[in-house]
Amino acid sequence: YLQNWRISPPQATRADPNVVVAGNDMNSWGWGEPPMRQEPETAAFRLYRSELSVREDANDGLARLVFRNVAGSAELWVDGVKLGEKSDPRPGPLSVKLPQGASQRQVTLLVQSRPGEPSGILDRIVLERAR
């Protein structure tokens with residue numbers, strides 16, 4: 001579902017989750033795949049971005065997008081809309097209901113680390129069907 005993650009450079013101030021990244025930007029934003037653990041940095045904010053392909057049978061507004069383990073406080077944005085947040089900076093899950101919409105979505109995770117602590121996406125991300 002999610003692959004080819006882009007990772008912003010660390011930033012000292014809150015990053016704009018809707019920042020446009022040039023398609024030919026191969027230098028300022030890195031690439032990665034979960035797990036993506038960032039070592040402690042003095043700049044607390046980082047963005048993670050990927051494209052989500054949603055199968056037709058999961059695009060009914062009932063599916064959940066589940067980040068199994070995120071280190072740091074986090075906000076989850078899909079297509080420029082904030083869908084959820086995790087306020088506890090300790091590693092833990094972040095799960096949101098994925099609204100019905102286009103089959104291709106842009107997913108952005110804004111993570112804020114605590115001083116001296118690692119941050120990032122520490123485990124898989126899954127799209128779970130509602131039961």
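Visitor: Which strand holds R105?

Guide: R105 sits in strand β9, residues 104–112. Strands here are DSSP runs of E with at least two residues, numbered from the N terminus. This is a predicted model, in which local features need pLDDT of at least 70 and side-chain atom pairs count only at pLDDT 80 or more, while totals for chains, interfaces and linings use all residues. Residues are numbered from 1 along each chain as its sequence is written, and side-chain values use heavy atoms, with hydrogens and water left out.

Visitor: Which side chain of opposite charge is nearest to R105, and how far away is it?

Guide: A salt bridge requires a side-chain nitrogen of Lys or Arg within 4 Å of a carboxyl oxygen of Asp or Glu. Lys and Arg count as positive, Asp and Glu as negative; His and the chain ends are not counted. For R105 the nearest such partner is D79, 4.3 Å away, and R105 has no salt bridge although it is buried. Buried means under 20% relative accessible area, exposed over 50%, partly exposed in between (1.4 Å probe, protein chains only).

Visitor: What polar contact does the side chain of R105 make?

Guide: A polar contact is a pair of N or O atoms within 3.5 Å; within protein, one must be able to donate a hydrogen and the other to accept it, and residues adjacent in sequence count only if both atoms are side-chain atoms. The side chain of R105 makes one of 2.8 Å with that of N59.

Visitor: Where is D79, and what is its phi?

Guide: D79 belongs to the loop between β6 (73–78) and β7 (81–86). Its phi is near 50°, a positive value in a residue other than glycine. D79 is partly exposed, at 42% relative accessible area.

Methods: Helix = DSSP H or I, 4+ residues; strand = E, 2+ residues; numbered from the N terminus.
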